[in-house]
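Hi everyone, thanks for making the time today. I'd like to walk you through one structure, so please have a look at it first.

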Amino acid sequence: NQTAEQHTRKVVQMHNLSRNFAAQLTQVVLDEDLRDVFGETFTYKNIYLGKLPDGEFVTVEEFVEGEMEKLINNDGKPCGNKEDVMLQKAECLVHFSYEKSDYQVMLVDVQGVGYELFDPEIASAELVDSQNEVLFTTGNLSATAIQNFKVNHTCNFYCKCLALKPLSS
């Protein structure tokens, strides 16, 4: 029951929250002097909200050149080989977002080109807010995505570098 404007604004909100989680993870790596151990971290480009002359609301993300790779689906399930460093770092970012939010939201749908990510999704512990409005967007698979991630995730080298708490399913 969202208008196109509400949905588009929530896409921007979700993107900026994801960008913030990635920036916070980078800051922890730098603050803890883990750069040599952890290596490069993920970033999200900017996203812009616009309104076309006909009144339609749109979002525009900065262009990321290269071949897109999906690392985590919006249902919380990792994609690919668990030994892949990029997937391990993506899982660490998802785990970090969940712990950093006090287990209320989880960054999912992690995809991009190299370390530049785009088009994220957020899964929330609760699907709706106190006004019975869906949190984030219709792609929010809520507790299902969170549970899928918890079941499929085993803390890896990068989670341990950040001293993240193991997730119980």
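**Helices, core and a small cavity**

Right after helix 1 comes D33, and its phi is positive, near 55 degrees. Helices here (H or I, at least four residues) and strands (E, at least two) are DSSP runs, numbered from the N terminus. Before we go on, please keep in mind that this is a predicted model, where local features need pLDDT of at least 70, side-chain atom pairs count only at pLDDT 80 or more, and totals for chains, interfaces and linings use all residues. Residues are numbered from 1 along each chain as its sequence is written, and side-chain values use heavy atoms, with hydrogens and water left out.

Let's stay with helix 1. It has 28 residues and reaches 40 Å from its first C-alpha to its last, close to the 40 Å expected at 1.5 Å a residue; the expected span is 1.5 Å times one less than the number of residues. Its buried residues include F21, A22 and L25, where buried means under 20% relative accessible area, exposed over 50% and partly exposed in between, with a 1.4 Å probe and protein chains only.

Now to helix 3. Its 16 residues should span 22 Å at 1.5 Å a residue, and the end C-alpha atoms are 22 Å apart, which agrees. This helix is mostly covered, with 14 of its 16 residues buried. D102 follows helix 3, and its phi is positive too, near 60 degrees.

Which residues touch the most other members of the largest nonpolar core? They are F38 and L162, in a core of 39 residues. By nonpolar core I mean a set of buried Ala, Val, Leu, Ile, Met, Phe, Trp, Tyr and Cys residues joined through side-chain atoms within 4.5 Å. Helix 1, helix 3, helix 4 and helix 5 are among the elements that each supply at least two residues, and the largest share, eight residues, comes from helix 3.

On to the rings. There are four aromatic pairs, counting rings of Phe, Tyr and Trp (its six-membered ring) with centres within 6.5 Å; planes under 30 degrees apart are stacked, over 60 edge-to-face and the rest tilted. The rings of F38 and Y158 have centres 5.0 Å apart and planes at 75 degrees, so this pair is edge-to-face. It links distant parts of the chain, with F38 in helix 2 and Y158 in helix 5, 120 residues apart. Both F38 and Y158 are buried. For F42 and Y115, the centres are 5.2 Å apart and the planes at 45 degrees, so that pair is tilted. F42 is buried at a relative accessible area of 5%, and Y115 is buried at 17%. Ring pairs also join F38, F157 and Y158 into a cluster.

Last stop: how many cavities of 30 Å³ or more does a search of the whole structure find? The search finds one, with about 40 Å³ of space. A cavity here is a set of points on a 1 Å grid over the protein atoms alone where a 1.4 Å probe fits but cannot get out, and lining residues have an atom within 4 Å of a point. The volume is the space filled by probe spheres set on the points, which are joined across faces, edges and corners. Familiar names appear in the lining, including A22, L25, F38 and F42. Helix 1 and helix 3 are the elements giving two or more residues to that lining.

Note on methods:
On a 1 Å grid over the protein atoms alone, a cavity is a set of points where a 1.4 Å probe fits but cannot get out, and a pocket is an open set with protein on both sides within 12 Å along at least five of seven lines; lining residues have an atom within 4 Å of a point.
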